[in-house]
Amino acid sequence: MNSKVADRIATTIFYLIAATIVTVLVGLLGYILFHGFSKLNIDFLTSPSSSFRAGGGIGNQLFNSFYILFLTMVFTVPLGLGGGIYMAEYARPGRLTNAIRTCIEVLASLPSIVIGMFGLLMFVNLTGWGYSILGGALALTVFNLPVMVRVCEDALRTVARDQKEASLALGITHWHTIKTVLLPAAFPSILTGAILASGRVFGEAAALLFTAGLTTPTLDFSNWNPFDSTSPLNIFRPAETLAVHIWAVNTQGLIPDVREVADGSSAVLIISVLLFNLLARWIGSVVHKKITASK
Amino acid sequence: MGQAIATPPAVEKSVFDIKNLNLWYGKNLALKDIDFTIYNNEITAIIGPSGCGKSTFIKTLNLMIQNIPGVRMSGEINYEHTNLLNDRVDLVDLRKKVGMVFQKANPFPKSIYENVAYGPKIHGVKKKGKLDEIVERSLRDVFLWDEVKDRLNTSALGLSGGQQQRLCIARAIATKPDVILMDEPTSALDPISTIKIEELALELKKNYSIVMVTHNMQQAARVSDRTAFFLMGELIEYDQTSKIFSAPSDKRTEDYVTGRFG
């Protein structure tokens, strides 16, 4: 076999592999969207779910998902930023840094169900909160933190070295350089990374099963007092998220329209995650253009 | 001018006095026993083949070299009666006085105005009027003002390479330094931009002392008052530029400046 033939065969094989991957992805997305799309309407998206009768919606679950996501990001972003800055700018190469890096990697690869069990011990039992939004958000923070640290560290490291040198050579202190040169330049990648991480958090179920719970109390959407037990904003109430809802109706649902609800919820979940991804790209490029615009 | 006042005999004032400087990267001795005096209001050129230590040397003068992990130094680098290696040096103060311009123009991805105002702002100049004045003066000093005065608020990245490098020089002089270190400031520029930077350096030496690392021997010959020749981490010869290029005392200097190696 001469090298030209080998080259052609290799090219064909790689095309085939790529085509297989695309087919699987498109097929999966298409299947979920095709089955779920017909279920989507305002009523389904806004009404509360029902326990026994058909025709329940996912209004509360959708709200819970976004609320928990929001709280998770409120916890994760500052911590992740701090960790990323430390790892990129202050950690000296050595045993301690390697140990920290290993910890972050182990944490990043922990199965989310393990994080759920840890959350049950820490944020549900030890704190005595029971299943709560706060507990769920904290468990997801544990789940998401290593990703955020990595995102921030990588973003800071890819800022051109000469920018940093320019600032230091002007007599600007390290912290000021980080604040005024590195962070603004790294901002687009950090934002993109954070939004992509949001997609992952939004779709997470296992870590929430034993922390935020499988139920949602009756919510009164006109009550915005966060300390009231029927308020949607109350962080100490249990909250079933969309991803958990899909799992719950499929395994223990008593409603006759399990299939429809599951299909519709899956479509909403997938569309949301897709939106997160598109949003990440769009905002990333807009901010990048804004910061580096030449005209 | 015009008045017949006898100029006092030129007292050569030095800005940097370096004695027995050794520098190691890990176990590698990169600078060996350097004795070097850099004089006020002169352009001092540092030449030598790649890897001879000239860039390492210039980065010791504002201690930027300390950002590289594993660097050790011994000896003395005296700047304004302070030994930078012994006394606890305030890096902020030092780098305010000893500015630096890099090989590749590295403006911040901010506006032209912000680039120049960045240093003074962080060093405590708050008033808009004062900042405007500094920005204009610095840009005028580098002959960039007329080219950019109408677009001060546009991104510095829209400037040409030569303009960017002049902007970087403006940024460096905005903090009113005494010394400007230039690490191969024209190696990434076209010939016309190079000439402009050289003319600028000649203009700037009236007010600043300039240390310029260069790969380009003609450049050293054209602009500098004194030239130092480095080879394998050693300072081989240091003298008036005219002497280095016409009658060097070391055979290796002669071989290098006549293009026999390097």
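Let me start with strands β1 (residues 14–25) and β2 (residues 28–39) of chain B, which run antiparallel and are joined by 8 bridges in what is, I should say at once, a predicted model. To give one pair that you can find on the screen, B:D17 has B:T37 in β2(B) as its bridge partner. Between the two strands of this hairpin there are 2 residues, and B:G26 takes a positive phi there, near 60 degrees.

A positive phi also turns up at another glycine, B:G124, with a value near 110 degrees, and this residue follows helix α3(B), which brings me to the helix itself. How many of the residues of helix α3 of chain B are buried? Of its 11 residues, spanning 112–122, 8 are buried, so the helix is largely enclosed by the rest of the structure. The buried ones are B:I112, B:N115, B:V116, B:A117, B:Y118, B:G119, B:P120 and B:I122. As for what covers them, the list includes α4 (128–141), α5 (145–148) and α6 (161–173) of chain B, together with α8 (174–202), which belongs to chain A.

Stepping back to the chain as a whole, chain B has 10 helices and 10 strands. Its radius of gyration is 19 Å, close to the 18 Å that the globule rule gives for 262 residues, and chain B is therefore as compact as a globular protein of that length. Along the principal axes, the C-alpha atoms of chain B fill a box of roughly 55 × 45 × 40 Å, and buried residues make up 46% of the 262 residues. Finally, if we take the contacts in chain B between residues at least 6 apart in sequence, 67% of these join residues at least 24 apart.

Technical notes: Residues numbered from 1 in each chain as written. Chains lettered and ligands numbered in written order. Predicted model: local features only at pLDDT ≥ 70, side-chain atom pairs only at ≥ 80, totals over all residues. Buried ≥ 20, exposed ≤ 12 C-beta atoms within 10 Å, placed from the backbone. Helix = DSSP H or I, 4+ residues; strand = E, 2+ residues; numbered from the N terminus. Contact = placed C-beta atoms within 7 Å. Rg over C-alpha atoms; globule rule 2.2 N^0.38 Å. Pairing = 2+ DSSP bridges.
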